[in-house]
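Please look over the sequence and the three-dimensional model below before reading on. The paragraphs after them are meant to be followed with the structure in view.

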Amino acid sequence: MVGAMQDISTRKMAEERLYKSEANLRNILESSDTAYVLLDENSVILSYNRLALELSKKEIHNEIAEGKNYLELMPLAQRPAIQERINHVLATGKPVAYEAGYMENSGSITWLYMRMHPIFNNTGKINGLSIG
C-alpha cells in the first residue's frame, strides 16, 4: 500500500479569506440603498441584492432571478435602448449613466437614475457588467 500526504494549510487559509471577502461584499451590497444587478456578457443575471429584487417587482412587474435574461424582464418598449447601452459598455469598457421611467400600476411614472459599469476579469477582459 502506498499513500501520500500533502500540507494544504495554505490553500485552506486562502479559501477561508476568499469566503470572508465574499461574505463582506455581500453584506455591503445587501445594506446598500442602491439596487445592484450583476450580468454576464450575454445579459444573464448572475447576482443581485435585495433592493434590486424589490424594485424589479415594483417597477418592472417582473421578478429578477439568477439565470434569467435581464433584457427579457424589461418592458418591451425599453429593451432596444437597454441593449444599446449594454453593447456600448461591453464594446468600450466605459460606464454609462441614464434615467429610466417605469410605469406604476397607478399610472404614475417612477424615474430611476441608472448606471452600467463593465466588470473586468483578472486579464483585463470584460466578462459582464453591473447595473445600479
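What follows is a walk through this predicted model, taking the sheet, the helices, the backbone and the charged side chains in turn.

A good place to begin is the sheet, an open one of 5 strands in the order β2-β1-β5-β4-β3, whose pairing is antiparallel. At its edges stand β2 and β3, each of which pairs on one side only, and from one strand to the next the twist averages 25°. In general, the strands of a sheet pair through backbone hydrogen bonds, and they may do so in a parallel or an antiparallel sense.

Two of the pairings can be followed in detail. Between β1 and β2 the pairing is antiparallel and extends over 3 bridges, with L39 standing opposite I45 in β2. These two strands form a hairpin with 4 residues between them, and in that turn S43 has a positive phi of about 70°. Between β4 and β5 the pairing is again antiparallel, here over 5 bridges, and H117 faces S130 of β5 as its opposite residue.

Within the edge strand β2, the residue S47 offers a useful view of its surroundings. Is S47 buried or exposed? Its relative accessibility is 16%, and because the limit for a buried residue is under 20%, S47 counts as buried. Leaving aside residues up to four places away in sequence, S47 touches R26, Y36, V37, L38 and E66. One of these contacts, E66, lies 19 residues from S47 along the chain, yet the C-alpha atoms of the two are separated by 5.9 Å.

From the strands one can turn to the helices that accompany them. Helix α2 lies across β1, β2, β3 and β4, and the direction in which α2 runs makes an angle of about 105° with β2.

Helix α4 comprises the 14 residues 79–92, which at 1.5 Å a residue should span 20 Å, and this agrees with the 20 Å that separates its end C-alpha atoms. Which residues of α4 are buried? They are I82, I86 and V89, and when one looks down the axis of α4, its buried residues fall within an arc of 60°, so they line one face of the helix. The partners against which these buried residues pack are β1, α3, β3, β4 and β5. On the face of α4 turned away from the buried side, by contrast, one finds the exposed residues P80, E84 and A91. After α4 comes G93, a residue with a positive phi near 75°.

Positive phi values also occur in this model at residues that are not glycine, and these deserve a closer look. As a general matter, most residues other than glycine have a negative phi. The phi of S43, near 70°, is nevertheless positive, and S43 is placed in the loop between β1 and β2. H61 also has a positive phi, near 55°, and lies in the loop between α2 and α3. How do the surroundings of these two loop residues compare in accessibility? S43 is buried, with a relative accessible area of 3%, whereas H61 is partly exposed, with a relative accessible area of 41%.

The last part of the tour concerns charged side chains. In general, side chains of opposite charge can pair when their charged atoms come close, and this structure holds 4 salt bridges. In one of them the side chains of E15 and R11 meet, with a distance of 3.1 Å from N to O; since these residues are 4 residues apart in helix α1 (residues 9–31), they are separated by about one helical turn. E15 also meets K12 in a salt bridge, at 3.7 Å from N to O, and here too both residues lie in helix α1, 3 residues apart, or about one turn of the helix. R11, K12 and E15 are thus linked in a network of salt bridges. Each member of this network is partly exposed, with relative accessible areas of 46% for R11, 44% for K12 and 37% for E15.

Another salt bridge joins the side chains of K58 and E59, at 3.8 Å from N to O. What is the relative accessible area of E59? It is 4%, which means that E59 is buried, while K58, at 46% relative accessibility, counts as partly exposed.

Definitions and conventions: Residues numbered from 1 in each chain as written. Predicted model: local features only at pLDDT ≥ 70, side-chain atom pairs only at ≥ 80, totals over all residues. Heavy atoms only, no water. Buried < 20%, exposed > 50% of the residue type's maximum accessible area, 1.4 Å probe, protein only. Contact = heavy atoms within 4.5 Å. Expected span 1.5 Å × (residues − 1). Arc of directions from axis to C-beta. Pairing = 2+ DSSP bridges. Axes fitted to C-alpha atoms, helices over the stretch in contact; angles between N-to-C directions.
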